[in-house]
Amino acid sequence: MKIGILGSGLMGGKLGTLWARAGYEVVFSCAKTKGKLESLAKEAGGKAKAGTVAEAVEGADSLLLAVHWSRVDDVLKQAGNLSGKVILTCSLPMDAQNTKLILGLTTSGAEELAKKVPKAKVVSAFNTVPSEVLFGVFEGRKKTTKPSLVYCGDDAGAKKTAAGLIRDVGFDPYDIGDLKAARYTEPFTMIVAEIAYGGPKGPEMTYRFEWFK
């Protein structure tokens, strides 16, 4: 499977790296510099490489959308035809200052994304965990007990693909229903962020919060 990474910042860069190490062909795109993309690809190893948004999309079986909400429309324009593509999104509809969600209650960023690309198959995942814990989860992926990660979407096939990618990172995928469930996970992410970055225990506390049921 080829995975296109649309947004190679903290979350996209780490997830792309882990999928490359799990054996997938990964194309990193959308970073501040081409050098950053090339460095990510080199560090990820395997079949990872750097490319443009169009190159990341071409021939990809799945895409990860991990750019700031203000850049989504531009990235989708660069991506071109996304018909039939599975898009995992962890992009939250945040304001320019990253202080609050600009959507909520009656819709979500994931649902709005699905409207922008109606022929694609959108799944919301990975926005309820801080990027700092991803490598640790990956290293412990062979353990019997794994931390859970929630995901949601409207297409059964796309969710099956997403579940496999979630497992390959080291999480136990937990399907919470159709895409409108993102209306609840996206605000929950703000609580996760407060625990991870504002609380006394940091990202490790969020990891424990995900794991404990």
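These are my notebook entries on the fold and the largest pocket of this structure.

**Entry one, the chain as a whole.** I began by noting that the model is a predicted one, and then I looked up the secondary structure, which comes to 9 helices and 8 strands. The radius of gyration is 16 Å, close to the 17 Å that the globule rule gives for 213 residues, so I wrote the chain down as being as compact as a globular protein of that length. I also looked up the extent of the C-alpha trace, which spans about 40 × 40 × 35 Å along the principal axes of the chain.

**Entry two, the sheet.** I next followed the strands across the sheet, an open one in which 8 strands stand in the order β3-β2-β1-β4-β5-β6-β7-β8, with mixed pairing. At its edges I found β3 (49-50) and β8 (172-175), each of which pairs on one side only. I then looked up one pair in detail: β1, covering residues 2-6, and β2, covering residues 25-29, run parallel to each other and are joined over 5 bridges. Within this pair, I traced Ile5 to its bridge partner in β2, which is Phe28.

**Entry three, helices on the sheet.** I turned to α1, which packs on the sheet and touches β1, β2, β4 (62-65) and β5 (86-89), while its direction makes about 160° with that of β2. I looked up α2 (residues 34-44) as well, and this helix lies across β2 and β3, running at about 155° to β2.

**Entry four, the largest pocket.** I noted a volume of about 920 Å³ for the largest pocket, and I then asked which residues lie nearest its centre. They are Leu10, Met11, Ala66, Cys90 and Asn98, which belong to a lining of 32 residues. Sorting that lining by kind, I recorded 17 nonpolar, 11 polar and 4 charged residues.

**Entry five, helices in the lining.** My last question was which helix gives the most to the lining of the largest pocket. The helix is α8, with 5 residues. I noted further that α1 (10-21) and α8 (182-198) each supply at least two residues of this lining, and I set that beside my earlier entry, where α1 packs on the sheet.

Terms used. Residues numbered from 1 in each chain as written. Predicted model: local features only at pLDDT ≥ 70, side-chain atom pairs only at ≥ 80, totals over all residues. Heavy atoms only, no water. 1 Å grid on protein atoms, 1.4 Å probe; cavity = no way out; pocket = protein on both sides within 12 Å on 5 of 7 lines; lining within 4 Å. Points joined across faces, edges and corners; volume = space filled by probe spheres on them. Helix = DSSP H or I, 4+ residues; strand = E, 2+ residues; numbered from the N terminus. Nonpolar A, V, L, I, M, F, W, Y, C, P; charged D, E, K, R; others polar. Pairing = 2+ DSSP bridges. Contact = heavy atoms within 4.5 Å. Axes fitted to C-alpha atoms, helices over the stretch in contact; angles between N-to-C directions. Rg over C-alpha atoms; globule rule 2.2 N^0.38 Å.
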